[in-house]
Every structure is written in C-alpha cells, then in structure tokens.
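Open the model in your viewer and keep the sequence panel beside it. We will go from stop to stop, selecting as we go.

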Amino acid sequence: MSTETEETESGESGGHCSTPDSDGEVADEIAIISFERKLETAREIKDGIGDEYDRVDIVEYHGDVFAELWGEYDCFVGLMASGIAMRKTAPLLDDKWEDPAIVVIDEELTWAIPITGGHHGANQVAHDLSEMGAVPAMTTASEAAGKQGVESKAKALDAHVVNGDSTVATNLAVLNDELGPVTRLDGPRAVLVDDDVTVLKRNGNDGVVLGTGTVSGVESEQVLDAWETALDDLNLDFDDVDFVATGTRKEDEEGLYEAAQETGLGVVLFERETLEGFEGPSPSRSKELIGWPGIAEASAIAGGREHELAREKERFEDAVTVAVGR
C-alpha cells in the first residue's frame, strides 16, 4: 500500500489520511488468465499474491474466456500481451463502477499494467505484483501525479463513493490541489450537494479506531504487537478496525505505516487543532512538553463515530501508545 496523505475534517477541523487506492470495494477474487505455455508463471504469481486475496484461480486462455468469466471475478490478471486483453475485453466494458479490474503482466514479471479499474482494484493488484519484482505502470492521473484520488480517500476511511459521476470533477480538483479537506458530517442531518461534490458513505457502523502514538523510529513489529494486545483485550481483531488514527506530527513515521500496510488499514492523521477538541481523560506529558494533547486518546476519540473511548490508552515497550475509539 501507498503512503500518500490527504486532508480530512471533522466538523471545522482538519487532518490527513493515507492508504491504497479503492472505492472501498477492492478486488478480492482474482482470475489469472494464462496461455498454456505460461501456466508455470501463473502458478508462481498465485503463490506470490494468493495470501492477499480471498480467491485466486488460474484459468487457461481461450478466445471467449473473458466473456465467459465476466462478472465472476473482481479482477483479471492477464498473463499476455496488453493488446490481446484489450481486444477481448473492450466489447464487454460497460460501467467503470461495475466492470472488473484488468491488469496485464508479462511472462518475465517485468511490468504490471492496470488497463481498467485502476481505482477499483487494478492499482492495488499491480502494487502487490511489484512485490514479485514487476514495475507497476499506473496511469490513473492522481496516482501518476503522486496524489490520492477520492476513491483512495474513501478506502482510507472505510467508506465508498455514493455518486460515482462526481469523481471526474473532484479528482480533477485533486490534481489541481483545489479539493480541500474531506468534511465529516455526523447525523441525523440532510445534505444538498451539486454534481461536482463527491459523497462518501461509511461501509459499516460498528468498527473501532486505533488511536496510536509512537516514539521516533518505532519498529512495525512493536506497533503490531501493541495493536494486537489492545484489540485482544476487547475481544476484537483487525477485521473490527475501521482505520488507524494519529497526529500529523507522525506522518513520516515509517514503522507506523508499515504496520498499517501489513494489516490493510488506512491511516488518518489529525491536525493538532482537531485533537485539542477531543482530549482524552488520561494525563499526557506531550501537552506540557510540546503543546500537543495525548495523541493516542485524542485521535481515537476524534476518529470514532461516537467520539468515545472503548479502551483508554496504554503504553507498550516505551515505544507505542494505543487507545481504542468507537
């Protein structure tokens, strides 16, 4: 997963979030389409990325294979020339929000090229293939510019895009640095929007938030161990987590992002001004020393739907502080 950042708001305050690229419906079921002579490479790909997905099947190529399997998989990985995949799938394409993602990769695993559905799974699959040595040739405008499209923002917040047509305007605003922060509105409330306003809706109603503070240079293993301990205490696991929350002063903490990447979680970074409005009950030395409220509790409360703590902060190995918000 990438570690690009973008701003978010809770009410009038701002923050940042980081994660990979999707509208919240990432590719879970993949078909690797391969010619017979390339099946050994197809099996190598399955062994390399199979643990990341719910289902990875290998299907031998024939002229109608894409048409026969269309709608059965979230993503096709074509172990073939891009021209073949394009000619065979072009007549099947209908709606970018419904069509499966398509990635092509060569037999030498040199290039992984998303053809369709970049923001709906293809970019993520290409990124996973890069772990096997392939170069992910991502051409979606926001990723090519090193920025995070609104579909990526949705994934970071465990949400999905409600009005897909709006993303043409809002992703253009991303490219021009004109979008501004994502505003969070807590209901009940009625909202009237124009066609160039993208609406994100949370995917669930019962997830928790891992508020996290770290020392500089923390190791990802330390972060993972702390998260697991905090969740175990609540009889929860990573499937119950919406996202990780912390302060913007931790935006360069590699160990934190590596841990989030390993667990498939997005990271939301709140500005100090936001955290000051959600201070937790536990005393914090950081406010006395650097003027920041306790990051773990404040970010957990700020990120939670109910703005409450499910578990007060605890410090682990003098390296990681974790609080759980809801």
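The tour starts at a strand and ends at aromatic rings.

This is a predicted model: local features need pLDDT of at least 70, side-chain atom pairs count only at pLDDT 80 or more, and totals for chains, interfaces and linings use all residues. Residues are numbered from 1 along each chain as its sequence is written, and side-chain values use heavy atoms, without hydrogens and water.

**Strand β6**

Select residues 101-105, strand β6 (strands are DSSP E runs of at least two residues, helices H or I runs of at least four, numbered from the N terminus). Five of the five residues are buried (under 20% relative accessible area, 1.4 Å probe, protein chains only; exposed is over 50%, partly exposed in between), so β6 is largely enclosed by the rest of the structure. A101, V103 and I105 point one way, I102 and V104 the other.

**Its neighbours**

Add β5, residues 75-79: five bridges join β5 to β6, in parallel (strands pair if DSSP finds at least two bridges between them). C75 has A101 as its bridge partner. Now add β7, residues 111-116: four bridges join β7 to β6, antiparallel. Look for I105 opposite A112. In the hairpin turn, L109 has a positive phi of about 55 degrees.

**Aromatic rings**

Select F66, W70, Y73 and F76: they form one aromatic cluster (Phe, Tyr and six-membered Trp rings pair if their centres lie within 6.5 Å). Which of W70 and F76 is buried, and which partly exposed? W70 is partly exposed at 22% relative accessibility; F76 is buried at 0%.

Technical notes
Phe/Tyr/Trp six-rings, centres within 6.5 Å; stacked < 30°, edge-to-face > 60°.
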